Amino acid sequence: MTFILLLGGAAAIYIAMLMFRLAAVALPLYAGIGISIYLIGRDFGYPASIAAGLLVGALILVAGRALCAVLPPFYRAIVAAVFAGPAGFAGYQAAKGLVGLAIGGGYALEVLGFTGALAAAVAAWRGLGTAERKRKRGGATGRA
């Protein structure tokens, strides 16, 4: 019984870490799933809709990272905020779902859900800005 509890705790920690690592891809994921569902509803077939969803998600992720790498700080903040919104929504749902397994409903569940939303949004915000910071740091020392 103790082993199962420890294994469950480790799984919950791993899921939380995975949520923060993947927070920046929430917008491309939502867009890809949305276009796939739209195309399936229009009778394009599963292979075409899956391919289109993957393509749209990849294009949005690449475009967001490229914009954050070249834009001035004000516009970079706008792009990061656009990516942080869906990440915050996903963080709220994930945190509320995980905490809801341990406690009943109430204000504590909502507060912990909003805490997860804030943490996921901040993780997405930081995830978009790291490519630009690494490029500047490597260029300042003369290394590639």
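pLDDT is the predictor's confidence in each residue, on a scale from 0 to 100. The model on display is a predicted one, and colouring it by this score is a suitable way to begin. Across the protein chain the mean pLDDT is 85, and 89% of the residues score at least 70. Among the elements, helix α2 has the highest mean, 93, whereas helix α5 (residues 107-141) has the lowest, 76.

**The whole chain**

Display the protein chain as a cartoon. Five helices and zero strands are present, and the pattern along the sequence reads α-α-α-α-α. Of the 144 residues in the chain, 25% are buried. Of the contacts with a separation of 6 or more, 63% join residues 24 or more positions apart.

**Helices α2 and α3**

Select residues 26-41 for helix α2 and residues 46-70 for helix α3. Their axes come within 8 Å and cross at roughly 155°. Angles over 145 degrees count as roughly antiparallel, and α2 and α3 are therefore roughly antiparallel to each other. Their crossing is right-handed. To view the contact, show the side chains on both helices. From α2 the participants are Leu 27, Pro 28, Ala 31, Gly 32, Ile 35, Ser 36, Leu 39 and Ile 40. From α3 they are Tyr 46, Ser 49, Ile 50, Ala 52, Gly 53, Val 56, Gly 57, Ile 60 and Leu 61. Sorted by class, this contact of α2 with α3 comprises twelve nonpolar residues, five polar residues and no charged ones.

**Ser 49**

Remain with this pair and select Ser 49, which is found in helix α3. Is Ser 49 buried or exposed? Its relative accessibility is 0%, so Ser 49 counts as buried. Apart from residues up to four places away in sequence, Ser 49 touches Ser 36, Leu 39 and Ile 40. These three residues also belong to the α2 side of the contact with α3.

**The loop between α2 and α3**

Next, select Asp 43, in the loop between α2 and α3. Although Asp 43 is not a glycine, its phi is positive, at about 60°. Asp 43 has a relative accessible area of 72% and is therefore exposed.

**Helices α2 and α4**

Keep α2 in view and add helix α4, residues 73-100. At what angle do α2 and α4 pack? The angle is about 80°, and the axes are 7 Å apart. Since angles of 65 to 115 degrees count as roughly perpendicular, α2 and α4 are roughly perpendicular to each other. On the α2 side, select Ala 26, Leu 27, Pro 28 and Tyr 30. They meet Val 82, Phe 83, Pro 86, Ala 87, Phe 89 and Ala 90 in α4. By class, the contact of α2 with α4 has ten nonpolar residues, with no polar and no charged ones. Leu 27 and Pro 28 take part here and also in the contact of α2 with α3.

**Val 79**

Finally, move along α4 to Val 79, which lies in that helix. Its relative accessibility is 14%, and Val 79 therefore counts as buried. Which residues does Val 79 contact, leaving aside its neighbours within four places in sequence? They are Gly 64, Leu 67, Cys 68, Leu 71 and Leu 128. As a last step, select the C-alpha atoms of Val 79 and Cys 68: they are 6.9 Å apart in space, and the two residues are eleven residues apart in sequence.

Key. Residues numbered from 1 in each chain as written. Heavy atoms only, no water. Axes fitted to C-alpha atoms, helices over the stretch in contact; angles between N-to-C directions. Helix = DSSP H or I, 4+ residues; strand = E, 2+ residues; numbered from the N terminus. Parallel < 35°, antiparallel > 145°, perpendicular 65-115°, else oblique. Left-handed = near helix turned anticlockwise from the far one by under 90°. Contact = heavy atoms within 4.5 Å. Nonpolar A, V, L, I, M, F, W, Y, C, P; charged D, E, K, R; others polar. Buried < 20%, exposed > 50% of the residue type's maximum accessible area, 1.4 Å probe, protein only.
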